[in-house]
Amino acid sequence: MPVVEIRGLRKRFGSNEVLKGIDLDVEPGEVIAIIGKSGSGKSTLLRCINGLETFDEGSLTVDGKPLLHDDRAAMRALRQRVGMIFQSFNLFPHLTVGGNVMLAPELVKKRGQPAGAQQARLLLARVGLAEKFDAWPDQLSGGQQQRVAIARSLAMEPAVMLCDEITSALDPELVGEVLRVVEGLAKDGMTLLMVTHEMNFARKVASRVVFMHAGKIHEMAPPDELFGAPKTPELRQFLSALHN
Amino acid sequence: MVDFTLWDIVRNLLLAARWTVVLSLIAFVGGGLVGAALLVLRLWGGRRSHAFVAGYVQLFQGTPLLMQLFLAYFGIALFGIQTSPWFAAALALTLYTSAFLTEIWRGCVASIPRGQWEAAVSLALDFLEQLRYVILPQATRIAVPPTVGFLVQVIKGTALASVIGFVELTKAGTMITNATFRPFTVYACVALMYFVLCFPISAWARSLERKLHARR
């Protein structure tokens, strides 16, 4: 059974339709890379999956449970299954690294102090930042902050992780350390949906690549096929623009 | 003709200054509580409560405090409820303070980047948890200097309560002038006392601003 099931999803901002009927199934453990020009609706699609954006038509289920915007309890349950990493990290600056990781489990899962701290240390070790438990976010580099954000999201034990251009705000030399962590997650069987501009990474790690164009899924295929033999002129144009 | 020494004047003014302090505290604490409630209403509520709070703020920011005091004093009496200058002054100043504080604080909350809300939402925190654990701790740091600064405005605002017969520092000054015929001496003392109340607070606000700035 798919973890995420999207059917006929449509989303409008005023009179501007940004998603024009999206159908997508994501199986557990799949890594989906979403590529496309800016304005093609890829970020909006991602943000619909955890309810940061509402949609106008269609249906979206996670773990077989439909997403209901008006049902607070259902949204809270859904967001525990779906983690999200942002381009701008969005660490909480008033909390230490450890505090950032522990906050949500403590409030939402009622996890106590020792258990929460232990879990946070394990997760920080997993992203290679074991020694930063007591550091403040503004003492870390962008790459380190993004890895803390990943650990923070993992602390809620999500079934699906959404990554919204998570390396776009990083200096080039810091991109690698974040992508290595994401690759590790993929190897451990985490289901990932990532909007990305890192085509080499998509080629290496993704099980499927989705090319979005003008609010629709224009082409979707395993990376070798999609990058090796693009079927549509729009995708060919998009890919060739990247190489120039 | 009775002779008044300077000490007589100062002593009586000091006694009246107590009520300036008490009225300021009531206005500030009451206004803070109402202002906080309005802030939550504005952030959480739908379009209607949003419009209500915006209207409330506009009403109190768009009319002179003096009129608000008159309206509170004479307006309550219109409903057949016996009122005192005390109650009317406390009520008007509380409402006035709440309108300004809620607007100051709304600005502070609005200055927190949207990504902070989104990260908190994505971690499955509910609205009150987002506010309590993520937004307010950050907004409070920004809010402290302007809030303390506004306290100075409230203290000076209490002077207007003298027009509805509330005996605080300014009213006492007028009464003592009428008895002593030494307006300059009396009002100089009154002004000095306001300054002694307000200056340390604005100095405190400035030092808080420097401290909070230095850490970010």
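Me: Two strands pair if DSSP finds at least two bridges between them; how many bridges join β1(A) to β2(A), and in which sense do the two strands run?

Reply: Eight bridges join β1(A) to β2(A), and the strands run antiparallel, so the requirement of at least two bridges is met. The strands themselves are DSSP runs of E with at least two residues, whereas helices are runs of H or I with at least four, both numbered from the N terminus. One of the bridges sets A:Ile6 against its partner A:Leu24 in β2(A). In the hairpin of these strands, which has two residues between them, A:Gly14 takes a positive phi near 65°.

Me: What kind of model do these values rest on?

Reply: This is a predicted model, in which local features need pLDDT of at least 70 and side-chain atom pairs count only at pLDDT 80 or more, while totals for chains, interfaces and linings use all residues. Residues are numbered from 1 along each chain as its sequence is written, chains are lettered from A and ligands numbered from 1 in the order in which they are written, and side-chain values use heavy atoms, with hydrogens and water left out.

Me: What makes β2 and β5 of chain A edge strands?

Reply: They belong to an open sheet of four strands with antiparallel pairing, in the order β2-β1-β4-β5 (chain A). β2 (16-26) and β5 (65-66) each pair on one side only, and are therefore its edges under the pairing rule. Further in, β1 (residues 4-13) and β4 (residues 57-62) of chain A pair in the antiparallel sense over five bridges; A:Glu5 has A:Thr61 as its bridge partner in β4(A), and A:Arg10 stands opposite A:Glu57.

Me: Why is the pairing in the sheet of six strands called mixed, with β7(A) to β8(A) and β9(A) to β10(A) as the examples?

Reply: The order of this open sheet is β6-β7-β8-β3-β9-β10 (chain A). Strand β7 (residues 160-164) runs parallel to strand β8 (residues 191-195) of chain A, with five bridges between them, whereas β9(A) and β10(A) are antiparallel, also over five bridges; both pairs pass the bridge criterion, so both senses occur in the sheet. Within the parallel pair A:Cys163 has A:Met194 as its bridge partner, and within the antiparallel one A:Phe211 stands opposite A:Glu219 in β10(A). The hairpin of β9(A) and β10(A) has two residues between the strands, and A:Ala214 in the turn has a positive phi of about 50°.

Me: How do you know that helix α1(A) packs on this sheet, and at what angle to β7(A)?

Reply: Helix α1 (residues 42-49) of chain A touches β3 (31-36), β6, β7, β8 and β9 (208-213) of chain A, where contact means heavy atoms within 4.5 Å. Its direction makes about 150° with that of β7(A), the angle being taken from 0 to 180 degrees between N-to-C directions of lines fitted to C-alpha atoms, for helices over the stretch in contact. α1(A) also lies across β1, β2 and β4 of chain A, running at about 120° to β1(A).

Me: How is the extent of the interface of chain A and chain B known, in residues and in area?

Reply: 23 residues of chain A are in contact with 19 residues of chain B. The two chains bury about 1900 Å² between them, 60% of it on carbon and sulfur atoms; buried area here is the accessible area (1.4 Å probe) that two parts lose on being put together, summed over both. A:Phe92, A:His94 and A:Leu107 supply 27% of the area that chain A buries against chain B, more than any other three residues.

Me: Why is the link between A:Arg76 and B:Glu129 called a salt bridge?

Reply: The rule asks for a side-chain nitrogen of Lys or Arg within 4 Å of a carboxyl oxygen of Asp or Glu, and the closest N and O atoms of A:Arg76 and B:Glu129 are 2.8 Å apart, so the pair qualifies. Across the whole interface the rule finds three salt bridges. On the side of chain A, the elements giving two or more residues are α2 (72-81), β6 (82-85), α3 (97-108) and α5 (142-154).

Me: Which secondary structure does chain B contain?

Reply: Chain B has eight helices and zero strands, and its C-alpha trace spans about 80 × 50 × 20 Å along its principal axes.
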